[in-house]
Amino acid sequence: MTKIGNSIQDLDTPSLLLDIDKLTENVQEMAVFAKEHGLQLRPHVKTHKSINIAKMQLELGAIGITTAKVAEAEVMAAAGIRNILIAYPISSKVKIQRVAALVKRPVDLKVAVDSIEQLRYLQECFEHEPFTLKVWMKVNSGLHRCGVEPGKEVLELAKAIQGFPALKLDGIFTHAGHSYAARSLEEVEKIGLYEGQAVAESAFACERIGIPIPVRSVGSTPTYQTAGKVEGINEIRPGNAVFFDAIQAGLGVTNLDRCALSVLASVVGVYHGKRIVFDTGSKALCLDKGAHGNETVQGFGHIIGHPELLIERLSEEHGVSPWKEVTSLRLNDKVQIIPNHACTVANQFDRYLVHQHGKIIAEWKVDAKGMMH
């Protein structure tokens with residue numbers, strides 16, 4: 001058990017560190033933006049997978065949360081969180097039954113839909129229940145992953161939902177994840193503008209034929225402050241913005257000083273003139289340089305205070321930095337590494353060691369770690 005009040009330098013490594021002041025600043029920034037622009041805030045918890053952080057977000061202004069998987073929703077619902085969107089198409093019988101169990105808790109639950117076949121599976125389960133299931137249409141705004149196309153496909157699916165009495169169309173949403181591959185802030189803003197337009201125009205088209213769309217939601221940390229300003233949008237769902245990471249800094253969305261999450265590592269080998277080795281390999285930092293092809297990321301994490309070093313190679317338990325410049329680091333020295341992608345790194349650890357000014361103030365579980373089903 002970690003002793004509260006100890007220095008982070010007393011910790012064994014690797015450890016997952018969370019700076020409470022930076023976390024609070026990041027959470028507040030999302031809430032302030034939402035309030036100033038008349039938007040609901042529904043942050044994505046797949047980034048942190050923490051009940052404590054989710055409740056902090058709700059206390060500071062969020063109206064609900066977004067999850068990627070049913071299992072994440074189950075963890076959050078068990079902790080008393082009631083307003084949940086599962087932003088993932090649910091179609092298997094096993095998962096639909098789990099969704100039905102969640103709704104009975106009760107939870108104000110919404111699930112993503114993007115095909116008529118999927119609607120049939122949902123109807124088959126919920127037609128025997130005494131309540132309707134809220135569904136949100138997912139629109140493709142350029143990521144080309146899941147989602148129907150704006151325009152004709154949106155209208156076809158919206159009309160189809162009206163024919164399934166166990167289902168209620170409650171919103172339209174999208175995720176512009178391809179913004180992570182942008183090469184400039186101008187490109188990020190262009191993607192964000194289209195993201196907002198894809199949702200707003202789809203909602204307006206539905207309402208012109210008499211189908212109301214109460215919620216018009218956009219996401220993506222790089223784009224939410226652009227997409228959220230598009231007329232007709234009334235909700236934002238940023239996830240990574242709770243921590244930020246080296247990818248976000250590379251995009252120019254933030255700077256490294258705002259990154260709340262880091263991995264504490266130890267030097268386990270110094271081979272003068274050749275390399276330095278840390279005890280943080282792929283099982284801690286992950287082999288992630290940006291899922292959508294971001295070219296701004298170099299190496300496998302930013303070593304705070306040591307710009308002379310670049311982690312160029314990871315094996316499972318080793319992070320290797322070739323010796324290119326003289327460094328002050330010696331065997332057993334400890335460093336903090338800002339991960340390239342905070343979401344995947346958080347899922348590798350059991351707990352956050354929450355610190356303030358270098359002192360441990362709390363230990364929080366990564367409650368939904370490994371919840372991938």
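The buried residues of helix 3 are covered by parts of the structure that include helix 2 (51-59), strand 3 (65-67), strand 4 (83-89) and helix 4. This is a predicted model. The points below go through helix 3, two pairs of packed helices, the cysteines, one glycine, and some backbone details.

**Helix 3 and its surroundings**

- Helix 3 spans residues 70-78 and is mostly covered, with 7 of its 9 residues buried.
- Those buried residues are V70, A71, E72, A73, V75, M76 and A77.
- Among the elements that cover them are two helices, helix 2 and helix 4, and each of these also appears in a helix pair described below.
- Just after helix 3 comes G80, which has a positive phi of about 100°.

**Helix 4 against helix 5**

- Two packed helices are described by the angle between their axes and the distance between the axes.
- For helix 4 (residues 93-103) and helix 5 (residues 116-126), the angle is about 50° and the axes are 10 Å apart.
- Helix 4 is therefore oblique to helix 5, a class that takes in angles from 35 to 65 degrees.
- The crossing of helix 4 past helix 5 is right-handed.
- On the side of helix 4, the contact is made by I96, V99, A100 and V103; on the side of helix 5, Y121, L122, C125 and F126 take part.
- An α-helix has 3.6 residues a turn, so residues three or four places apart point the same way.
- Sorted by class, this contact between helix 4 and helix 5 has 8 nonpolar residues, no polar ones and no charged ones.

**Helix 1 against helix 2**

- Helix 1 (residues 20-36) and helix 2 have axes that come within 9 Å and cross at roughly 45°.
- That angle makes helix 1 oblique to helix 2.
- Helix 1 and helix 2 also cross in a right-handed way.
- From helix 1, the residues L23, T24, V27 and M30 meet I53, M56 and Q57 from helix 2.
- By class, the contact of helix 1 with helix 2 has 5 nonpolar and 2 polar residues, with no charged residues.

**Cysteines**

- A disulfide is a covalent bond between the sulfur atoms of two cysteines.
- How many disulfides does the structure hold? The number is 0.
- C286 has its closest cysteine sulfur in C343, and the 10 Å between the two sulfurs is too far for a bond.
- Seen from the other side, the closest cysteine sulfur to C343 is that of C286, at 10 Å, again too far for a bond.
- The cut-off for a disulfide is a pair of cysteine sulfur atoms within 2.5 Å.
- C286 counts as buried because its relative accessibility is 11%, and C343 counts as buried at 7%.
- The cut-off for buried is under 20% relative accessible area.

**G301**

- G301 sits in the loop between helix 10 (282-285) and strand 12 (302-303).
- Is G301 buried or exposed? G301 is buried, because its relative accessible area is 7%.
- Leaving out residues up to four places away in sequence, G301 touches I337, I338, P339 and N340.
- G301 and L169 are 132 residues apart in sequence, and their C-alpha atoms are 42 Å apart in space.

**Cis peptide bonds**

- T13 and P14 are joined by a cis peptide bond, with omega of about 0°.
- P14 is in the segment before strand 1 (15-19).
- R105 and P106 are likewise joined by a cis peptide bond, with omega of about 5°.
- P106 is in the loop between helix 4 and strand 5 (108-113).

**Positive phi outside glycine**

- H144 is not a glycine, yet its phi is positive, at about 60°.
- H144 belongs to the loop between strand 6 (133-138) and helix 6 (152-161).
- With 62% relative accessibility, H144 counts as exposed.
- F244 is another residue other than glycine with a positive phi, near 65°.
- The place of F244 is the loop between strand 9 (235-237) and helix 9 (246-251).
- F244 is buried, with a relative accessible area of 4%, whereas H144 is exposed.

Notes
Residues are numbered from 1 along each chain as its sequence is written. This is a predicted model: local features need pLDDT of at least 70, side-chain atom pairs count only at pLDDT 80 or more; totals for chains, interfaces and linings use all residues. Side-chain values use heavy atoms; hydrogens and water are left out. Axes are lines fitted to C-alpha atoms, for helices over the stretch in contact, and angles run from 0 to 180 degrees between N-to-C directions. Helices (H or I, at least four residues) and strands (E, at least two) are DSSP runs, numbered from the N terminus. Angles under 35 degrees count as roughly parallel, over 145 as roughly antiparallel, 65 to 115 as roughly perpendicular and the rest as oblique. A crossing is left-handed if the near helix is turned anticlockwise from the far one by less than a right angle, and right-handed if clockwise. Contact means heavy atoms within 4.5 Å. Ala, Val, Leu, Ile, Met, Phe, Trp, Tyr, Cys and Pro count as nonpolar, Asp, Glu, Lys and Arg as charged, and the others, Gly among them, as polar. Buried means under 20% relative accessible area, exposed over 50%, partly exposed in between (1.4 Å probe, protein chains only).
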